[in-house]
Structures are given as C-alpha cells and as structure tokens.
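Welcome! Have a look at the model below, and then we can work through a few questions together.

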Amino acid sequence: MSLRDTTMSARPLPGWARIAAPVGVGILGLAAWILYVDVAAAAPRMLPSPVAIVQEFIAHADIITEAMVVTATNALIGLFVGSLIAIALAALAAAIRQFDGMLAPIVAALAVIPIVAITPVLNTMFGASSQFGRQAVAGLAAFIPVFINVLRGLRQSRPVHRDLFRASAATPGQTFRLLTLPTALPYLMTGLRIASSLAVIAALVAEYFGGPADGIGTAIATYAKSGRAALAWAFVLGGIIIGLVFFLVTSLLERLATRRMPA
C-alpha cells in the first residue's frame with residue numbers, strides 16, 4: 001500500500017457522513033422490523049409493531065415520562081458519584097505506585113461483578129423503598145471505565161514536558177493544573193461517554209430486579225408479565241431515549257475536550 005493510499009484510508013469521515021450512517025442503519029432496521037411484523041406477520045406475540053409502540057408511547061406519555069425521570073435520576077446520580085470516586089482514586093493511583101498496586105485487584109474484582117447478582121443484595125440491604133441500591137449499581141457500572149481512562153490519561157504527559165516544568169521551578173500544583181490535567185481531560189471525557197451508557201443500563205437492570213415500584217425497568221417487567229407487549233416496548237423506547245441523551249451529551253463534551261488536547 002502506498003503512502004497516498006494510507007493517508008486516504010486514515011482520513012476521517014465528514015461530519016454529515018458520521019450522522020447519516022447511524023441514521024441510515026436505524027431506518028433500515030425499522031423498515032425490516034415493519035416488514036417482519038406488519039407485512040409478513042411472522043413475529044411472536046411479544047414483538048409488536050413499531051407503530052403500536054409509538055401509539056402506546058403517546059397515549060401513556062405521562063406515566064412513561066415519570067418513569068423516565070426516575071431512571072434518569074438514578075443513572076445521573078450513579079454516574080456523578082461513581083465518576084467522582086473514580087477520578088479521586090485514579091489520581092491517588094497515578095501519584096502513588098504502591099496504592100496503584102493495591103487498588104488494581106479490587107478494580108478487577110469490581111469489573112466482573114454481575115449486575116443481576118449484586119442488585120437484589122443492595123435492594124435488600126438498603127430497603128425496598130429506597131433508590132440508593134439502584135444508584136449504587138449505576139455508580140459501580142460508571143466507576144470502572146472512568147477509573148481506567150483517567151488513570152491512563154494521568155500518565156500520558158511526556159517526560160520532556162515534565163522535565164521542562166521541573167526546570168522552570170513549577171510547583172506540583174502548577175504542573176498538575178497546566179500539564180497533567182489538560183492531557184488527561186480527553187481521556188476523562190471518553191470514560192464519561194462510556195460510563196454514561198453503562199450507568200443507564202445498570203439503572204434499568206437494577207429497577208427490573210426489585211426495589212421501589214417505579215422506573216423504566218420496573219414498568220417493563222410489570223407490563224411484559226401482564227401481556228401488554230406494546231406498552232412494555234413503549235417503556236423500552238423511553239429507556240432508549242434516556243440512553244441517547246446521556247450518550248449525546250457526553251459525546252459533545254468529549255468532542256469539545258478533544259479539540260483542546262495538547263499536541
């Protein structure tokens with residue numbers, strides 16, 4: 001492969017293409033769904049038509065919106081608290097190698113904890129009327145990607161740059177504020193983008209497996225068991241909207257941070 005071919009293959013897609021591609025895939029998937037359910041009539045009973053799902057979403061917009069607020073709040077609190085703890089521990093791990101060695105097996109253990117296993121334990125521990133168990137599950141899911149990305153970002157500053165700050169008699173605080181933090185910021189944003197989706201998923205799963213009788217996950221379980229498939233899928237649509245909002249906001253923040261990344 002020539003240098004020209006390599007350069008052309010590495011050229012990023014234009015902005016319109018990056019938007020049009022996922023939209024096109026979504027439209028094709030929706031068309032295939034409609035053909036399978038409405039035209040071919042081959043779908044199982046629990047897979048309703050997209051038209052029926054939208055109708056239920058509009059007809060029950062009030063209760064779906066209330067459930068979305070509960071789920072979004074749980075996911076947002078979990079994302080915020082989990083990210084703060086992850087940033088603090090990553091900063092300590094980057095500064096103290098011994099602490100990093102002690103923390104590594106704990107983080108590895110947390111990363112493999114099944115949500116479906118820990119959720120009933122937390123809901124029982126903190127009470128069936130408390131949202132704390134759900135928020136803790138969302139925070140646990142958000143903690144891992146933020147910790148890993150921030151720790152990596154804090155170690156990305158080049159030795160020559162650190163030597164330059166040291167030669168300029170910069171204090172540790174100035175070095176952190178002017179060199180380490182700007183270098184690590186894009187990694188933090190990437191971690192938040194990944195964690196935002198995981199926090200929403202974790203909150204939904206936590207609601208599905210118990211706790212207070214509200215939230216998107218609880219509604220999905222309730223209406224699916226009662227045979228109201230279209231309404232259950234309408235709540236699934238509400239969960240998708242929450243996830244997309246979280247993803248778009250954090251992706252925008254990541255893009256802004258990446259533009260300011262030092263060369």
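The questions and answers below go from the overall fold to single residues.

Q: How many helices and strands does the secondary structure of the protein come to?
A: Happy to start here: this is a predicted model. From the N terminus on, every element in the run α-α-α-α-α-α-α-α-α-α-α is a helix. The totals are therefore 11 helices and 0 strands.

Q: In which helix is confidence lowest, and in which is it highest?
A: Across the protein the mean pLDDT is 82, and 82% of the residues reach 70 or more. Where pLDDT is low, the predicted coordinates should not be read in detail. The low end is helix H1 (residues 3-10), at a mean of 48, while the high end, at 93, is helix H4 (residues 61-95).

Q: Which residues of helix H3 are buried, and within what arc do they fall?
A: In helix H3 (residues 50-59), the buried residues are Pro50, Ile53 and Phe57. They line one face of the helix, because seen down the axis of H3 they fall within an arc of 60°. An α-helix has 3.6 residues a turn, so residues three or four places apart point the same way. On the other side of H3, the exposed residues are Gln55, Ile58 and Ala59, whereas the buried ones keep within that arc of 60°.

Q: At the start of H3, which backbone nitrogen does a side-chain oxygen of Ser49 reach?
A: A pair of N or O atoms must lie within 3.5 Å to count as a polar contact. Here the side-chain oxygen of Ser49 comes to within 3.2 Å, and the backbone nitrogen belongs to Val51.

Q: Is Ile240 buried, partly exposed or exposed?
A: Ile240 sits in helix H11 (residues 229-259). Buried means under 20% relative accessible area and exposed means over 50%. At 45%, Ile240 therefore counts as partly exposed.

Q: How far apart in space are Ile240 and Ser197, C-alpha to C-alpha?
A: In sequence, 43 residues separate Ile240 and Ser197. In space, their C-alpha to C-alpha distance is 10.0 Å.

Q: Is the aromatic pair of Tyr208 and Phe209 stacked or edge-to-face?
A: The count comes to 4 aromatic pairs, among them Phe126 and Phe132, edge-to-face at 4.6 Å centre to centre with 65° between the planes. For Tyr208 and Phe209, the ring centres are 5.4 Å apart and the planes are at 65°. Planes over 60 degrees apart count as edge-to-face, so the pair of Tyr208 and Phe209 is edge-to-face.

How values were computed
Residues numbered from 1 in each chain as written. Predicted model: local features only at pLDDT ≥ 70, side-chain atom pairs only at ≥ 80, totals over all residues. Heavy atoms only, no water. Helix = DSSP H or I, 4+ residues; strand = E, 2+ residues; numbered from the N terminus. pLDDT = per-residue confidence, 0-100. Buried < 20%, exposed > 50% of the residue type's maximum accessible area, 1.4 Å probe, protein only. Arc of directions from axis to C-beta. Polar contact = N/O pair within 3.5 Å; in protein donor to acceptor, adjacent residues only side chain to side chain. Phe/Tyr/Trp six-rings, centres within 6.5 Å; stacked < 30°, edge-to-face > 60°.
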